[in-house]
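Work through the exercises below with the sequence and the structure side by side, trying each task before reading its solution.

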Amino acid sequence: MNEQTTPPTSGDDVSPHSPVDWAVWEQEHFVPVIQAAEADGPDRFAWLLAVVLWDTKLPSLSLDDWSVIADRGLRAVRRIGDRSGEARLLECVGMGNARVNRLTESLRCHQQALEIRSQLGDRRGEASSTNLLGIVHLHRRELSAAEEHFTRARALFEEFGDRHRAAMALANLSSTRCAAGRVDEAETDARRALEAHRALGARRSVGNALRQLSVIHRERGETEAALACAEEAVALAVDLRSETLEGYWLLALGKAQRAAGRAEEALASFHRAADLHARSGNRSREGMAWQAVAQVLLDGGRRSEAADLAGRAVSVHRGLDDPWHEALALICLADATPGEEAQEHRERAVHLLSPYPDERAAAIRRAIGGSGVQ
């Protein structure tokens with residue numbers, strides 16, 4: 001998972017008396033309490049409660065409830081004129097939008113937060129916003145912009161001596177370079193990030209680096225290493241009680257299981273990932289999970305079932321205006337579809353991939369061309 005910067009805490013572990021436990025116990029009161037705070041004051045409570053609720057990362061807090069809380073929190077912090085608080089809450093809203101693939105809205109929030117922090121001379125805040133802008137650019141597959149932002153964020157974090165966040169930015173650089181097909185650079189970054197996070201005891205960040213290393217190992221055909229990294233990452237997510245992390249890291253585990261020929265285990269991982277992402281409202285990653293299921297079904301010759309699920313993934317990514325993942329799903333759909341219809345899917349995929357200049361995109365276009373598309 002491309003990490004999003006949050007204020008440092010005493011650690012990533014969940015204790016029996018953690019904020020997550022408190023949030024679970026009090027969840028039904030969140031919206032009424034923030035409504036009351038907005039109506040009767042003080043406004044400071046309304047926006048601070050919104051930030052606290054975001055930082056607990058409560059899996060069962062619905063997107064609708066969070067949107068109500070965030071909107072009311074923003075109105076409150078703007079009424080009292082707390083510009084630093086406004087930037088912090090804009091950061092939370094931007095991360096929430098990114099989680100459900102509302103990337104244009106997310107970009108706008110982080111740009112506004114960065115502008116406020118620049119005006120205030122808040123260099124630490126600028127570093128946080130810069131890293132988060134890099135994440136949005138990475139999700140939009142604007143890889144040069146993402147690399148530029150992560151490089152700057154890392155330099156700023158190192159300037160402040162913030163080893164944790166500097167390593168987070170380095171892990172994000174690894175994801176960006178891997179996405180571009182620069183696997184050797186990506187591995188160096190991921191290993192350095194993992195070493196730093198293990199030394200700091202930052203378990204969420206350890207899991208993120210492990211997921212990235214699993215992807216790299218799998219691409220190199222190092223299946224056992226890919227499995228080991230992904231299994232450790234998923235175990236960490238379960239221990240941390242984070243369904244968001246579990247769902248994302250299960251995608252890496254399922255792909256490693258598929259590469260190892262463990263089809264039934266891969267299907268279980270992908271189905272669980274799809275369910276978790278559906279629950280959290282992340283339709284993009286839910287679509288990725290259904291495409292992954294389709295690919296396992298194709299391996300087993302179950303073309304009709306695979307076509308249904310790949311078609312579902314195409315529709316999801318098209319609805320989200322995500323041409324990259326729509327193209328990948330179309331390729332899967334083409335492999336499951338006979339005759340001229342398959343050719344049409346491949347031609348559409350080539351068209352969607354044409355704007356991307358990186359080597360990975362070029363390699364996929366060449367592979368489709370080898371299937372007869374010119």
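The exercises that follow deal with a pocket and with pairs of packed helices.

The model is predicted, so local features need pLDDT of at least 70 and side-chain atom pairs count only at pLDDT 80 or more, while totals for chains, interfaces and linings use all residues. Residues are numbered from 1 along each chain as its sequence is written, and side-chain values use heavy atoms, with hydrogens and water left out.

**Exercise 1.** Find the volume of the largest pocket, and determine which element gives the most to its lining.

Solution. Start with the term: on a 1 Å grid over the protein atoms alone, where a 1.4 Å probe is used, a pocket is an open set of points with protein on both sides within 12 Å along at least five of seven lines, and lining residues have an atom within 4 Å of a point. The largest pocket has a volume of about 1,600 Å³, a volume being the space filled by probe spheres set on the points, which are joined across faces, edges and corners. Of its 49 lining residues, Lys 255, Met 288, Trp 324, His 325 and Leu 328 are the closest to the centre. Next, look at the elements that give two or more residues to this lining, among them helix H6 (103–120), helix H7 (123–139), helix H11 (203–219), helix H13 (243–259) and helix H15 (283–299); helices here are DSSP runs (H or I, at least four residues), numbered from the N terminus. H15 gives the most to the lining of the largest pocket, with 8 residues.

**Exercise 2.** Decide whether H11 is roughly parallel or antiparallel to H13.

Solution. The axes of H11 and H13 are 10 Å apart and the helices pack at an angle of about 25°, where axes are lines fitted to C-alpha atoms over the stretch in contact and angles run from 0 to 180 degrees between N-to-C directions. H11 is therefore roughly parallel to H13, since angles under 35 degrees count as roughly parallel and those over 145 as roughly antiparallel. The residues that make the contact (heavy atoms within 4.5 Å) include Arg 211 of H11 and Trp 249 of H13. Lys 255 of H13 takes part in this contact and is also one of the residues closest to the centre of the largest pocket.

**Exercise 3.** Work out how H6 runs relative to H7, and then do the same for H18 and H19.

Solution. The axes of H6 and H7 come within 9 Å and cross at roughly 160°, which makes H6 roughly antiparallel to H7. Leu 107 of H6 and Leu 133 of H7 are among the residues in contact. For helix H18 (residues 339–353) and H19, the axes come within 10 Å and cross at roughly 155°, so H18 is roughly antiparallel to H19. Their contact includes Val 350 of H18 and Ile 364 of H19.

Terms used
Angles under 35 degrees count as roughly parallel, over 145 as roughly antiparallel, 65 to 115 as roughly perpendicular and the rest as oblique.
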